[in-house]
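Hello,

Here is the structure I promised to pass on to you. Please have a look at it first, and then read on for what turned up.

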Amino acid sequence: MTSAQPVRHAEAYRCGRLFAAVAALQRLAQNEHHALGQPGAAEKAAARPEPVLREPLREVVQYLVQARIRGQGAAADPVFRSLTDFLPPARAVPTSLHPDERPDFHRGREEQAALIAGTGPGEHPPRG
């Protein structure tokens, strides 16, 4: 393993968390049929994060406003505030991830989605 690999894997993990947060905002704003929630969207983002997230990242403020209009502001506000934690420092979202980085992307996505849902990784959110 080279010294650059841990950095790349951390970046992939961060991208996964970013994807989960933007997808949650999109869902709160639009409904369960949002673009990032479609089958295959996470797989595409794991391979090429920037092209998949480019437009949704441009729309995050609009997602927040739409979520508030729909009465989802209490859920959307902390997700929106968390986005800066996942953006790459002083660089753009990576255009592509190497296949060995993709499990880190998915781990970050799953862990962030679980945090947003209020559960631990591998647990399911409460129903009701």
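**A buried glutamate in a loop**

Let me start with E101, which sits in the loop between α5 and α6. Please keep in mind throughout that this is a predicted model. Is E101 buried or exposed? Its relative accessibility is 5%, and buried means under 20%, so E101 counts as buried. Apart from neighbours within four places in sequence, E101 is in contact with R8, H9 and A12.

**Another glutamate, this time in a helix**

E11 belongs to helix α1. With a relative accessibility of 16%, E11 also falls under the 20% limit and therefore counts as buried. When neighbours within four places in sequence are set aside, the contacts of E11 are R91 and P94.

P94 turns up again with a third glutamate, E50, which is found in helix α3. E50 touches V93, P94 and T95, again not counting residues up to four places away in sequence. For E50 and V93, the C-alpha atoms are 5.3 Å apart in space, although the two residues are 43 apart in sequence.

**The overall picture**

Stepping back, the protein has 6 helices and 0 strands, so to speak of the order of elements from the N terminus is to write α-α-α-α-α-α. There are 128 residues in the protein, and 40% of them count as buried. If you take contacts between residues at least 6 apart in sequence, 76% of these join residues at least 24 apart.

**The nonpolar core**

The largest nonpolar core holds 28 residues, and those touching the most other members are L18, F19, V22, L25, L83 and F105. Two or more residues come from each of α1 (4-30), α2 (41-47), α4 (60-69) and α5 (73-86). Which of the elements gives the most to this core? That is α1, with 11 residues.

L83 is a good residue to click on if you want to look around in the core. Leaving out residues up to four places away in sequence, L83 touches L18, A21, V22, L25 and V60.

**How α4 and α5 pack**

Two packed helices are described by the angle between their axes and the distance between the axes. For α4 and α5, the axes come within 8 Å and cross at roughly 165 degrees. An angle over 145 degrees counts as roughly antiparallel, so that is how α4 lies relative to α5. The crossing of these two helices, α4 and α5, is left-handed. On the α4 side, the residues that meet α5 are V60, V61, L64, A67 and R68. Their partners in α5 are G73, A76, D77, F80 and L83.

**One face of α3**

Which residues of helix α3 (residues 49-58) are buried? They are P49, L53 and P56. Viewed down the axis of α3, these buried residues fall within an arc of 70 degrees, so they line one face of the helix.

**An exposed leucine**

Last comes L115, in helix α6 (residues 102-117). Its relative accessibility is 55%, and exposed means over 50%, so L115 counts as exposed. The C-alpha atoms of L115 and V79 are separated by 9.9 Å, with their positions 36 residues apart along the chain.

Best wishes

Notes
Residues numbered from 1 in each chain as written. Predicted model: local features only at pLDDT ≥ 70, side-chain atom pairs only at ≥ 80, totals over all residues. Heavy atoms only, no water. Core = buried A, V, L, I, M, F, W, Y, C linked by side-chain atoms within 4.5 Å. Buried < 20%, exposed > 50% of the residue type's maximum accessible area, 1.4 Å probe, protein only. Helix = DSSP H or I, 4+ residues; strand = E, 2+ residues; numbered from the N terminus. Contact = heavy atoms within 4.5 Å. Arc of directions from axis to C-beta. Axes fitted to C-alpha atoms, helices over the stretch in contact; angles between N-to-C directions. Parallel < 35°, antiparallel > 145°, perpendicular 65-115°, else oblique. Left-handed = near helix turned anticlockwise from the far one by under 90°.
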